[in-house]
Amino acid sequence: MAKARETVLELDLNALAHNYHYLRAKLRPETKFLSVVKAFAYGSDAQVIAKKLQDLGTDYFAVAYTSEGVALRDAGITKPILVLHPQEVSFDTLIARCLEPSIYSKNILKGFLESAKKHGQTNYPVHLKFNTGLNRLGFMADEVYHVASVLNTVHEIRALSVFSHLAASEDLAETEFTELQISRFQSIAEALDVALDYHPFRHLLNTSGIINYPQAQYDMVRSGIALYGYGNEAGIDAELKPVASLKTIIAQIHYLGANESVGYNRGFISNSAKTTATLPLGHADGIGRHYGGGKTFVSVHGKKAPIIGNVCMDMIMIDITGINCKEGDEVLVFGPELSAHEFAETGNTISYELLTAISQRVKRIVIP
Ligand SMILES: *Cc1c(COP(=O)(O)O)cnc(C)c1O
């Protein structure tokens, strides 16, 4: 790859293929694979990533909102797309673009049924989401009979699947709670099979669910973060390849004496002579202010350089004292050699937030 000459997010599609095959190999061959590509495919590029995953053979996609599903259809994605958090205002568009809603409450069921009627649909595929303990979205277990009695009497929509979402699949201290969620899901799915005139397929696991609870893979799994190269634990991270590399360049170098300050509000004070570099990357690009103050590092020619002072909107300053480099040189922010997981931890957050925060201002470059 050519050296960066501006701030770029490089997307390595071979890494994506590696991660996809790694996850697939953990599953029974007949288990369907849903690729979660919400939030611009975790901050990368949903259209590019989804096209590659479609070529690799993924069975399903999921996005959070209808507009994200529309962008996939515009890019030529023909596989089914589950919309996890559909909003009533977008039901017409959702139906027009053949997107499949998660139906998670009586209100949404009623509203979507009306839209499907209005558009003259029969057996429009929907997915029933049940709450098993996350307490975010989902029908409660005792609503199975209401849902089934509605579905048994209408022909406009048909429940293709039933699903739920785990609250702490990555946290082995919460195994007991996760097992409780699995058994609640099992009961709900069984009750639905009895109450409903047909049998929706089942899915429960996210990335860490696939890794820690493969016995609960049911008919399909839904993975996001691992496709992008992060597995929520060191052993899995070592097996995966980060898709995105955030790179920038040194815009300017400053030589400071002792007791000089750097940046807004004089956030850094030099206690001795220092060399600093200014990089064209700031909180408007997704590197939030919590990464300032000297605890987060970028890599300059393989050497760690801390982000000092306050992160600005368009720029950060790093301490390059003792590092042999010059203006125009490439700087790695995160990527295969500098984990986004570790970078995020220094800012007290998780890889998910760091990755999805990289703003649309940063140019995406695809490595095919
Ligand atoms: C985001 C999301 C996922 C993907 O989770 P990962 O931890 O990234 O694998 C799966 N299911 C639902 C319902 C989600 O909202």
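Biologist: How many cavities of 30 Å³ or more does a search of the whole structure find?
Modeller: This is a predicted model, and the search finds 2 of them.

Biologist: Why is such a space called a cavity and not a pocket?
Modeller: The name cavity is used because a 1.4 Å probe fits there but cannot get out, whereas a pocket is an open set of points. The largest cavity holds about 80 Å³ and the second largest about 40 Å³. Both volumes can be set against the 30 Å³ cut-off of the search.

Biologist: What makes a residue part of the lining of the largest cavity, and which residues are they?
Modeller: A residue counts as lining if one of its atoms is within 4 Å of a point of the space. For the largest cavity that gives L9, Y42, G43, S44, Y228, Y230, V243, A244, F334, L355 and I358.

Biologist: How do you know how many of these lining residues are nonpolar?
Modeller: Leu, Tyr, Val, Ala, Phe and Ile count as nonpolar, so L9, Y42 and F334 are among the nonpolar ones here. Gly is placed with the polar residues, and therefore G43 is polar, as is S44. The result is 9 nonpolar, 2 polar and no charged residues.

Biologist: And which residues line the second largest cavity?
Modeller: K129, F130, N131, T132, G133, L134, R136, L137, S164, H165 and Q181 do. The split is 3 nonpolar, 6 polar and 2 charged. K129 and R136 are charged because Lys and Arg belong to that class.

Biologist: What makes up the division of the chain into domains?
Modeller: The chain is divided into domain 1 (31–228) and domain 2 (244–367). Their C-alpha centres lie 38 Å apart, and the contact takes 8 residues from domain 1 and 8 from domain 2. Contact here means heavy atoms within 4.5 Å.

Biologist: How do you know which domains the lining of the largest cavity draws on?
Modeller: At least three of its residues come from each of domain 1 and domain 2. Y42, for one, lines this cavity and has a number inside 31–228. L355 also lines the cavity and has a number inside 244–367.

Biologist: What is the volume of the largest pocket, and which residues are closest to its centre?
Modeller: Its volume is about 690 Å³. Of the 32 residues that line the pocket, K38, R136, H165, N206 and Y352 are the closest to the centre. R136 and H165 also line the second largest cavity.

Biologist: Which elements each supply at least two residues of that pocket's lining?
Modeller: They are β2 (32–36), α2 (38–43), α9 (207–212), α11 (340–346) and α12 (351–357). By class, the lining has 15 nonpolar, 11 polar and 6 charged residues. Each of the two domains gives at least three residues to this lining.

Biologist: What about the second largest pocket, and which residues lie nearest its centre?
Modeller: This pocket has a volume of about 190 Å³ and 13 lining residues, with K3, S299, H301, G302 and E330 nearest the centre. β18 gives the largest share, 3 residues. By class there are 5 nonpolar, 4 polar and 4 charged residues.

Biologist: Let's turn to two helices. Why is the crossing of α7 and α8 called right-handed or left-handed?
Modeller: The crossing is right-handed, which means that the near helix is turned clockwise from the far one by less than a right angle. The angle is roughly 35°, and the axes come within 9 Å. V144, Y145, A148 and N152 of α7 make the contact with I188, A191, L192 and A195 of α8. That contact has 7 nonpolar, 1 polar and no charged residues.

Biologist: Finally, which residues does E68 contact, leaving aside its neighbours within four places in sequence?
Modeller: E68, in helix α4 (residues 66–74), is in contact with K38, A39, F40 and V63. K38 is also one of the residues closest to the centre of the largest pocket.

Notes
Residues are numbered from 1 along each chain as its sequence is written. This is a predicted model: local features need pLDDT of at least 70, side-chain atom pairs count only at pLDDT 80 or more; totals for chains, interfaces and linings use all residues. Side-chain values use heavy atoms; hydrogens and water are left out. Axes are lines fitted to C-alpha atoms, for helices over the stretch in contact, and angles run from 0 to 180 degrees between N-to-C directions. Helices (H or I, at least four residues) and strands (E, at least two) are DSSP runs, numbered from the N terminus. On a 1 Å grid over the protein atoms alone, a cavity is a set of points where a 1.4 Å probe fits but cannot get out, and a pocket is an open set with protein on both sides within 12 Å along at least five of seven lines; lining residues have an atom within 4 Å of a point. Grid points are joined across faces, edges and corners, and a volume is the space filled by probe spheres set on the points. Domain bounds come from an automatic or database domain assignment.
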